[in-house]
Amino acid sequence: MTTTTKFKSWRVQEQGGEYTGSEQTVSTSDLPANEVLIKVSHSSLNYKDALSASGNKGVTRNFPHTPGIDAAGEVIESASGEPVVGSKVIVTGYDLGMNTDGGFGEYVRVPASWCVALPQGWNGRTAMIYGTAGLTAGLCVQKLLQMGASPEQGKVAVSGASGAVGSVAVELLSKLGFDVVAISGKQDHADELKALGASEVVGREALAAEKKPMLKPVFANAVDTVGGQPLAELLKQIQPGGSVSCCGLVAGPQLETTVLPFILRGVNLLGVDSVEIPLADKAAVWKKFAGEWACPKTEASARDIGRGQLDGALRAFLKGESSGKIVLDHAL
Ligand SMILES: NC(=O)c1ccc[n+]([C@@H]2O[C@H](COP(=O)([O-])OP(=O)(O)OC[C@H]3O[C@@H](n4cnc5c(N)ncnc54)[C@H](OP(=O)(O)O)[C@@H]3O)[C@@H](O)[C@H]2O)c1
């Protein structure tokens, strides 16, 4: 039987072209008619949540809306065989937090096909330390490994290194034995990036615009989280046969490049999507993070915030000032 429960949610309202988020009391009867009602213990902050909260119509078309592309919690009602009531699940991506009310509310109602069982040994907070950003970092690294990337080939670059995706990529690559060069605009975060495993931290000027179509190949492989012109410059600096996993667009969605890195050096540009991929592919990466890919430094350095701190934390993403992993704890 379906019951109606009142709960707290961080809702974004639109008024005269301005978007404002605030805590509201809503009801489970306001949630979409999907199969699985989840009581969310934790969510995770992502750049995309900041886009949704600031009215980016490519992410969220209609307001009022509850952002939060990630959620972890307990199944309260299930109109499907799996997941069963009482089980703990993770939901990331698909439409959650875009046009389906997301994890910044204490409850979400989603299709059963979006729910992954929480890996053994994890709680909701651990899952949300990684969140979509960690999942994406894992997928970026997995693609490099599938292309044959190995530590012996040389340095691996990570752009946007202090960000949510970048910081997990730095720790994971370092853990796997790679010599990681963190590219970051935050020189005051150099020590933190080194503590995560970067052997070198260089400024964003390493990817400043150059007229030359090709540059000295200094990186064997790379994870790029920023896109735009820095990605075009990164491609010019990849060694023959190397690969770049590309997942983000904080520096812009346009990629103006020549074909030269591809046809003269056989460089591979690997697209990474963590949102619409099959659930089994997400589950495989979660299992790795709960086992041999665990990133203890990321886990230890994550920051917890309550709904009252969401506004400031999301604004920092839009200014490129956010760093590391931020967890929303609904109990705070
Ligand atoms: N494909 C997918 O499925 C997927 C999944 C998750 C995220 N993403 C995308 O990946 C990107 C990163 O997400 P995130 O959550 O890690 O965001 P984030 O925490 O804001 O990190 C992005 C980092 O990029 C750097 N940066 C910001 N603005 C920049 C600019 N104008 N030029 C160059 N560097 C800049 C900053 O790091 P430094 O100060 O260290 O340089 C910033 O911390 C976003 O575009 C997001 O939408 C895609």
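Helices and strands here are DSSP runs, numbered from the N terminus, and the model they come from is predicted.

**View 1. Y94 sits in a loop and has an unusual sign of phi.** Y94 turns up in the loop between β5 and β6 (107-110). Its phi is near 50°, so we have a positive value in a residue that isn't glycine. For context, most residues other than glycine go negative.

**View 2. Two prolines follow cis peptide bonds.** Going from F63 to P64, the peptide bond is cis, with omega near 5°. You'll find P64 in the loop between α1 (47-53) and β4 (70-78). The bond from E82 to P83 is cis too, this time with omega near -10°. P83 has its place in the loop between β4 and β5 (88-92).

**View 3. The ligand and its shell of 27 residues.** The closest of these are S162, V165, S184, G185 and S274. Sorted by class, the shell comes out as twelve nonpolar, twelve polar and three charged residues. Helices α2 (124-146) and α3 (164-175) chip in with at least two shell residues each. Domain 1 (6-118 + 302-329) and domain 2 (133-271) each provide at least three.

**View 4. Backbone atoms beside ligand oxygens.** A backbone N or O atom of A164 lies 2.9 Å from an oxygen atom of the ligand. For Y47, a backbone N or O atom is 3.4 Å from a ligand oxygen, and for V250 the corresponding distance is 3.5 Å. On its own the ligand has 920 Å² of accessible area, and the protein covers 87% of that. The space the ligand takes up is the largest pocket.

How values were computed
Residues numbered from 1 in each chain as written. Predicted model: local features only at pLDDT ≥ 70, side-chain atom pairs only at ≥ 80, totals over all residues. Heavy atoms only, no water. Near = heavy atom within 4 Å. Polar contact = N/O pair within 3.5 Å; in protein donor to acceptor, adjacent residues only side chain to side chain. Areas by Shrake-Rupley, 256 points an atom, 1.4 Å probe, with all protein chains shown as cover. 1 Å grid on protein atoms, 1.4 Å probe; cavity = no way out; pocket = protein on both sides within 12 Å on 5 of 7 lines; lining within 4 Å. Sits in = over half its atoms within 2 Å of the grid points. Helix = DSSP H or I, 4+ residues; strand = E, 2+ residues; numbered from the N terminus. Nonpolar A, V, L, I, M, F, W, Y, C, P; charged D, E, K, R; others polar. Domains from an automatic or database assignment.
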